[in-house]
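Q: I've got this chain open on my screen and I'd like a close look at one part of it. Could you walk me through that part and then show me how it sits in the rest?

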Amino acid sequence: MDRSKRMNGFLRFARDNAVWLLAGFLLTFASSFGQTFFIAVFAGEIREYFGLSHGGWGSLYAIATMASAATMVFAGTLSDRFRVRVLGAGVLIGLGMAALGMALATHVIVLVVAIYFLRLFGQGFMGHIAMVAMARWFVATRGRAVSIAGLGVATGEAFLPIIFVALLGLFNWRMLWVAAALILIAFAPLLYLLLGRERTPQSFSRDSGSQGFDGRMWTRGEVFRHRFFWLMVPALLGPSAWMTAFFFHQVHLAEAKDWAHLTLVALFPLFTGTSVLFLLLAGWFVDRFGCAALARLYLVPIALGYIAFALAPSPAAAGLAIILMGASTGMHTTLMATLWAEVYGTRHLGAIRAMIAAIMVLGTALGPAISGALIDLGLALPDQFFGIAAYFAAAAGLAIYATMALPRHRGNDAQPV
C-alpha cells in the first residue's frame, strides 16, 4: 500500500511538473554531445587522422578540458543572473557550433579549440544549468526533480554511443558531427518555447530560497574555505576522472581485453540502465534521509566494480562490474546536484556549483591524461583498475569523515515543493 502511494505520488509529481522536468531532461541529454562517452566514439578516427598516440590524444583532451574547467569557475556564475530559457538556448547553439567545429577540424589547434567548446558548453554548462535550475525550482522534491532531469544524460549514454558506432560503418565521421550540430541547434528554440513560463517561486537567485548548514546562505568564498568542501573533493574528482578514462579509452580497453569494440559498447546500455535505476532511487533516498547519508555509501559499488572489470574474463562476466559502476554513477549524479544546495543553501548556488562543476570537469581532464600516459608506458587500462579501486576506497573514507560533522537531515516535509 505504501509503495503504491509513493508511486502514485511520484507520477503525480512528474505530471504536474512535466514542462520544467522536460526542460531539465533536454538540457542534460544535449550535454551528451560534449561528454567523453560520445567524443570517445570517434577516438580511433581522430587519432588516425591527426597521428596521435593514446597519451598524445589524452594530453590534448586534457588541455582543452582543463581550460574549459577554468572558464567554468567564472562563466558558471551566469546561471545566477540569467533565466534558464535564455542561457540554455544560447549554450545549445554554442554547443552546436562546437560540434560543427569538430566536423571541420583539419589542424590539431582547431581540434583542441573544438574540444574546448564541446567540454565547456556540453560537459560544463549544460548539466550545470539543468541542475542549478532543478535545485532552485524544487525544495522538498529536489531529489526527485534532479533524478528525473538526470535521465537525459543517462539516455544519451545508453543510446548515442551504440548508434554512432554503428553509423561509423556507413558514414564519414565528420558527417556524423554535422548531424550532431544540427540536432543541438534544433533543440535551442524547443527549450525556449518550453520555458515561456519558468517555475516559481525560485526562478531567480534573488529569491530567498532554502538555507544551508548553520541556517544561512553560504557564499562561494566561504565554501572554498570550509573543511567539508575539501574533504569531498576526492569524491568529486573520482567518478569524473576514472569513469571518463573508462569511456575515453574504450577502443584501447576493448583491445586490451581482446573484445570487439562494438561488443564493449553493447554493455553501455546495461551501465546506463543501472545508473538510471540508482539515479531515481537516490532521488527518493535524498528526499527522505538527506544527502549526507548517501555520501557515506555511494562510492563502495564503483570500487568493487573496477576490481571486477579488471578480473572479468569475458564481456558477459564484465556485466557485473558494469552494474556496480552504474550504481555509483547514478547515485553520484543525484548527490552532486543536491548536496551543495542542502549544505550551503541556494542563494549563491550558481556560483558555488560553477566551482564544483569546474572541479568535476578538471577530473575528466586528469583521468584520460593520466591513464593515457600509463598506457603509453605499457600499463594497460585493466591493470590500472586496481589502483583506481584503491582511490575510490580512500575517497569513500574521506566522505564518511566529512559528513559526520553535518547535522542530521532536517527533513523537507514542511518546505515548499
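What follows is about helix α13 and the residue after it: which residues of α13 are buried, and is Asp 258 buried or exposed?

A: Quick housekeeping before the close-up. This is a predicted model, with local features needing pLDDT of at least 70 and side-chain atom pairs counting only at pLDDT 80 or more, while totals for chains, interfaces and linings use all residues. Residues are numbered from 1 along each chain as its sequence is written, and side-chain values use heavy atoms, leaving out hydrogens and water.

Now to your stretch. Helix α13 covers residues 250-257 (helices are DSSP runs of H or I with at least four residues, strands are runs of E with at least two, and both are numbered from the N terminus). Six of its eight residues are buried, so α13 is mostly covered; buried means under 20% relative accessible area, exposed means over 50%, and partly exposed is in between, with a 1.4 Å probe and protein chains only. The buried ones are Gln 250, Val 251, His 252, Leu 253, Ala 254 and Lys 257.

Then comes Asp 258, right after α13. Asp 258 has a positive phi of about 60° even though it is not a glycine. Asp 258 sits in the loop between α13 and α14 (261-265), and with a relative accessible area of 70% it counts as exposed. Across the sequence, Asp 258 has Ser 314 at 9.1 Å, C-alpha to C-alpha, although 56 residues separate the two along the chain.

Now zoom out. The chain has 20 helices and zero strands. Of its 417 residues, 59% count as buried. Contact here means heavy atoms within 4.5 Å, and among the contacts with a separation of 6 or more, 86% join residues 24 or more positions apart.

A good place to follow that is the largest nonpolar core, which has 142 residues; those touching the most other members are Trp 177, Phe 246, Tyr 306, Phe 309 and Trp 340. The largest share of this core, 17 residues, comes from helix α7 (residues 108-137). (A nonpolar core is a set of buried Ala, Val, Leu, Ile, Met, Phe, Trp, Tyr and Cys residues joined through side-chain atoms within 4.5 Å.) Leaving aside neighbours within four places in sequence, Trp 177 is in contact with eight-odd partners you can click through, including Phe 33, Phe 38, Phe 42, Met 102, Ala 103 and Leu 118.

Pick up Ala 103 from that list. Ala 103 lies in helix α6 (residues 84-104) and is buried at 7% relative accessibility. Besides Trp 177, Ala 103 touches Arg 174 and Val 178, again not counting residues up to four places away. The C-alpha atoms of Ala 103 and Ala 181 are separated by 9.0 Å, with their positions 78 residues apart along the chain.

Some polar residues are tucked away too. Thr 28, in helix α2 (residues 18-30), is buried with a relative accessible area of 2%. Its side chain reaches the backbone nitrogen of Gly 152 at 3.4 Å; a polar contact is a pair of N or O atoms within 3.5 Å, and within protein one must be able to donate a hydrogen and the other to accept it, with residues adjacent in sequence counting only if both atoms are side-chain atoms. Thr 28 also touches Ala 130, Met 131, Ala 149, Gly 150 and Val 153. Ser 275, in helix α15 (residues 268-289), is buried at 5%, and the residues it contacts include Glu 157 and Thr 329. Arg 142, in helix α8 (residues 142-149), is buried at 7%. Its C-alpha atom is 9.0 Å from that of Ala 337, and 195 residues separate Arg 142 and Ala 337 along the chain.
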